[in-house]
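Here is a quick tour of a single protein chain, from the overall fold down to a few residues. Have a look at the sequence and the model before reading on.

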Amino acid sequence: VLPNLIIINPADIVEAEKAFIAMADYIGPVFFRIESQTPKTIFTNDYPFEIGKAYTIKDGEDATIIATGYMVTQAIKAVDLMEKEGLDVGIINMSTLKPLDEEAILKAAKKTGAIVSAEVGSVVGGLGDGVASVLAENALGALVKVGIEDEFSQSARITEERDDLMVHHGLTTQDLVGAVKECIARRDKSKRNK
């Protein structure tokens with residue numbers, strides 16, 4: 001809620017480096033968040049990072065995962081699994097959480113009508129709530145939020161059981177696959193009820 005605050009959560013080291021350069025040019029407060037398990041590379045050096053702009057990794061017809069930070073990696077793995085099942089799911093990297101790229105959210109919602117948000121953060125006040133707000137204001141699409149429920153948790157830095165925490169909080173590749181299928185079912189049910 002801090003005016004002019006920029007919140008950035010990069011998906012890989014390439015994006016993190018580009019975000020640091022963009023932050024140096026920005027006049028105002030910036031919150032930069034990076035998870036310790038962030039991969040070295042998803043993107044190549046010609047990746048066009050811009051504050052406030054989402055990046056479409058893959059277009060889809062059946063649903064879209066809007067992910068931030070490490071969950072972009074999980075989204076890529078989940079989409080690979082779903083392709084084998086015949087589902088065409090898109091991925092949007094929403095590395096800037098404030099301001100959100102509303103245009104990218106609306107475009108995906110109009111195309112697929114089924115949106116899954118994915119974040120390693122609280123579902124309360126996070127990416128999912130931001131996406132929900134955009135969808136509600138425009139009366140578009142079904143949404144399923146994947147993230148940490150409103151509870152205290154152990155830090156992944158002080159435990160070697162990071163994978164156990166990902167399972168506990170429902171942040172695994174399989175959780176994303178289930179969320180996409182649930183969201184498609186909600187969308188389809190809503191269409192039938194109209």
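What follows goes from the whole chain to one helix and then to two contrasting residues.

**The whole chain**

Keep in mind that this is a predicted model. The chain is built from six helices and eight strands. Read from the N terminus, the order of elements is β-α-β-β-β-α-β-β-α-β-α-β-α-α. The radius of gyration comes out at 16 Å, close to the 16 Å that the globule rule gives for 194 residues, so the chain is as compact as a globular protein of that length. As for its extent, the C-alpha trace covers about 50 × 35 × 35 Å along the principal axes.

How much of the chain is buried? Buried residues account for 47% of the 194 residues. On the outside, the chain exposes about 10,200 Å², and carbon and sulfur atoms supply 52% of that area. Turning to charge, there are 21 positive and 30 negative side chains, with the centres of the two sets 5 Å apart.

Contacts also say something about how the chain is put together. Take the contacts between residues at least 6 apart in sequence: 79% of them join residues at least 24 apart.

**Helix α1**

Helix α1 runs over residues 13-25, which makes 13 residues. From first C-alpha to last, α1 reaches 19 Å, close to the 18 Å expected at 1.5 Å a residue. Its buried residues are Val14, Glu15, Ala16, Ala19, Ala22 and Met23. What covers them? The cover includes three strands: β1 (6-8), β2 (30-32) and β5 (89-93).

**Two residues, two settings**

Here are two residues side by side.

| Residue | Relative accessible area | Status |
|---|---|---|
| Threonine 64 | 5% | buried |
| Phenylalanine 152 | 85% | exposed |

Threonine 64 sits in strand β4 (residues 63-67). With a relative accessible area of 5%, threonine 64 falls under the 20% cut-off, so it counts as buried. Which residues does threonine 64 touch, leaving out those up to four places away in sequence? Its partners are Val89, Gly90, Ile91, Ile92, Ala108, Thr112, Ala114, Ile115 and Val116.

Phenylalanine 152 lies in the loop between β8 (142-148) and α5 (162-168). Its relative accessible area of 85% is over the 50% cut-off, so phenylalanine 152 counts as exposed. Phenylalanine 152 is 80 residues from valine 72 in sequence, and their C-alpha atoms are 23 Å apart in space.

Conventions:
Residues numbered from 1 in each chain as written. Predicted model: local features only at pLDDT ≥ 70, side-chain atom pairs only at ≥ 80, totals over all residues. Heavy atoms only, no water. Helix = DSSP H or I, 4+ residues; strand = E, 2+ residues; numbered from the N terminus. Rg over C-alpha atoms; globule rule 2.2 N^0.38 Å. Buried < 20%, exposed > 50% of the residue type's maximum accessible area, 1.4 Å probe, protein only. Contact = heavy atoms within 4.5 Å. Areas by Shrake-Rupley, 256 points an atom, 1.4 Å probe, with all protein chains shown as cover. Lys, Arg positive; Asp, Glu negative; His and termini not counted. Charge placed at Lys NZ, Arg CZ, Asp CG, Glu CD. Expected span 1.5 Å × (residues − 1).
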